[in-house]
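Got the viewer open? Let's take a walk through this one, one selection at a time.

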Amino acid sequence: MPITFRINDWNSICEMFRSFFKDLGTIEENEDFIQFKSYPKNVTTNFLIRKNGAFAAAMPLHGLEGGISTVTFNHDDFSVIVKGVDTTYTYRVPKELINLRE
């Protein structure tokens, strides 16, 4: 079931982010951002959300940055959807990383 947070609910976003990406790579966090980076021996990918509403995502063959107002975590399909005025992006956790949990 998807769970959506407004960007100003920063503490809840960080709590869900840590849970969502747990055991899939490293998580770096400070007062300005939270970032997931996969282990390099697996698929190289990362996903970052800034407290000010900026985000950045990198997957093999593409990268993207933008501004957001909401973050939706969907455990059912292992995706994070970020939305802003002019931006909607879906970050999907690669299957190779999901398999690390099985």
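Before the first stop, one term: contact here means heavy atoms within 4.5 Å, and the angle between two elements is taken between lines fitted to their C-alpha atoms, in the N-to-C direction. Keep in mind, too, that you're looking at a predicted model.

**Stop 1: the helix and what it lies on.** Select residues 10-20, which is helix α1. Helix α1 lies across β1, β7 and β8 (79-83), and it runs at about 30° to β7.

**Stop 2: the sheet underneath the selection.** Now show β1, β7, β8 and β9. In that order, these 4 strands make an open sheet with antiparallel pairing. Which strands stand at the edges? They are β1 (3-6) and β9 (88-92); each has a single partner strand, so one side of each has no neighbour in the sheet. On average, neighbouring strands here are turned by 15° against each other, direction ignored.

Zoom in on β1 and β7 (residues 70-74): the two run antiparallel and are joined by 4 bridges. Click on Phe5 and look across to β7, where Val71 stands opposite.

**Stop 3: the aromatics.** Phe5 is also your way into a cluster of rings. Select Phe5, Phe17, Phe20, Phe21, Phe36, Phe47, Phe55, Phe73, Tyr89 and Tyr91, which ring pairs link together. Searching the whole structure turns up 11 aromatic pairs. Start with Phe17 and Phe21, a tilted pair with 4.7 Å from centre to centre and 50° between the planes. Next, swap Phe17 for Phe20: the ring centres of Phe20 and Phe21 are 5.0 Å apart and the planes sit at 75°, so this pair is edge-to-face. The cut-off for edge-to-face is over 60 degrees.

Are these three phenylalanines buried or exposed? Phe17 is buried at 0% relative accessibility, Phe21 is buried with a relative accessible area of 0%, and Phe20 is buried at 2%.

**Stop 4: Thr45.** Stay with Tyr91 from the cluster and add Thr45: a polar contact of 2.7 Å joins their side chains. Where does Thr45 sit? You'll find Thr45 in the loop between β3 (33-38) and β4 (46-50). Despite the loop address, Thr45 is buried, because its relative accessible area is 4% and buried means under 20%.

Turn on the backbone of Ala58 as well, since the Thr45 side chain reaches its backbone oxygen at 2.8 Å. To finish, select what surrounds Thr45: leaving out residues up to four places away in sequence, Thr45 touches Phe36, Lys37, Ser38, Ala58, Met59, Tyr91, Pro94 and Leu97.

How values were computed. Residues are numbered from 1 along each chain as its sequence is written. This is a predicted model: local features need pLDDT of at least 70, side-chain atom pairs count only at pLDDT 80 or more; totals for chains, interfaces and linings use all residues. Side-chain values use heavy atoms; hydrogens and water are left out. Rings of Phe, Tyr and Trp (its six-membered ring) pair if their centres lie within 6.5 Å; planes under 30 degrees apart count as stacked, over 60 as edge-to-face and the rest as tilted. Buried means under 20% relative accessible area, exposed over 50%, partly exposed in between (1.4 Å probe, protein chains only). A polar contact is a pair of N or O atoms within 3.5 Å; within protein, one must be able to donate a hydrogen and the other to accept it, and residues adjacent in sequence count only if both atoms are side-chain atoms. Two strands pair if DSSP finds at least two bridges between them. Axes are lines fitted to C-alpha atoms, for helices over the stretch in contact, and angles run from 0 to 180 degrees between N-to-C directions.
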